[in-house]
Amino acid sequence: EHVVFEDDFHGGVAPGWRWVREDPQSVALTSHGISMDTVPGGIWADGQQLPPNILVRSINHEDGSLSQKRFAVEVSVTFLPSAWGEQAGLFLYDDDKNWIKFVVEGNKTGGANAVFARRSAEAPAAVLHKKDITDSLRGGGSP
């Protein structure tokens, strides 16, 4: 196994990362990594207020060509949403109209869902799979 990069964000954001619409007022570096306040915004559909603080890292080669090799991505997030639509997790993000996400997202009943969704410039955003994980986040079972 070859690790291309690993970052626990202790001591700051390492070279290679870039912010999309950075709002330093709602981001803090802590002893556990990065802490971000959830703020209004979304990229689900055109016309929404665009969210700040999308932290991205390219999977392209240095010349800009897309890597054709298999790769794995792992993320660790401590998050219990307090409102519908709040979310944290992993995005494969090209731009605001082309992405795939696997996130924990607040639902309308005060709980949380694991959500797998996508959007492309050719098709509207769509949920591909959703599962209620409220009990597992609150210590009552496994997702």
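Guide: Two strands pair if DSSP finds at least two bridges between them. Please keep in mind that this is a predicted model, in which local features need pLDDT of at least 70 and side-chain atom pairs count only at pLDDT 80 or more, whereas totals for chains, interfaces and linings use all residues. Residues are numbered from 1 along each chain as its sequence is written, and side-chain values use heavy atoms, with hydrogens and water left out.

Visitor: How do you know that β5 and β6 pair?

Guide: They are joined by 8 bridges in the antiparallel sense, so the pairing rule is met. Here is one of the contributing positions: Gly89 has Val103 in β6 as its bridge partner.

Visitor: What makes β2 and β3 a pair?

Guide: Strand β2 (residues 27-30) and strand β3 (residues 33-36) share 4 bridges, antiparallel, so this pair qualifies as well. Leu29 has Ile34 in β3 as its bridge partner, and a hairpin of 2 residues links β2 to β3.

Visitor: How many helices and strands does the chain have?

Guide: There are 1 helix and 8 strands, taken as DSSP runs numbered from the N terminus (helices: H or I, at least four residues; strands: E, at least two). Along the sequence the pattern reads β-β-β-β-β-β-β-β-α.

Visitor: Why are β5 and β8 said to stand at the edges?

Guide: Let's take the sheet as a whole: 4 strands form an open sheet, ordered β5-β6-β7-β8 with antiparallel pairing. β5 (87-95) and β8 (123-132) each have a single partner strand, so one side of each lacks a neighbour in the sheet. Neighbouring strands of this sheet are turned by 15° against each other on average, direction ignored, with axes fitted to C-alpha atoms.

Visitor: Why is Ile100 called partly exposed?

Guide: Its relative accessible area is 37%, which falls between buried (under 20%) and exposed (over 50%), using a 1.4 Å probe and protein chains only. Ile100 sits in strand β6 (residues 98-106). Across the chain, buried residues account for 28% of the 143 residues.

Visitor: Which residues form the nonpolar patch on the surface?

Guide: Ile59, Phe71, Val73, Leu92, Ile100, Phe102, Phe116 and Leu128 do, with about 710 Å² of accessible area together. Patch residues need over 30% relative accessible area and no salt bridge, with nonpolar side chains (Val, Leu, Ile, Met, Phe, Trp, Tyr) joined within 5 Å and like charges within 9 Å. A salt bridge puts a side-chain nitrogen of Lys or Arg within 4 Å of a carboxyl oxygen of Asp or Glu. With its 37%, Ile100 therefore clears the area cut-off.

How values were computed
Accessible areas come from the Shrake-Rupley method with a 1.4 Å probe; for residues, only the protein chains shown count as cover. Axes are lines fitted to C-alpha atoms, for helices over the stretch in contact, and angles run from 0 to 180 degrees between N-to-C directions.
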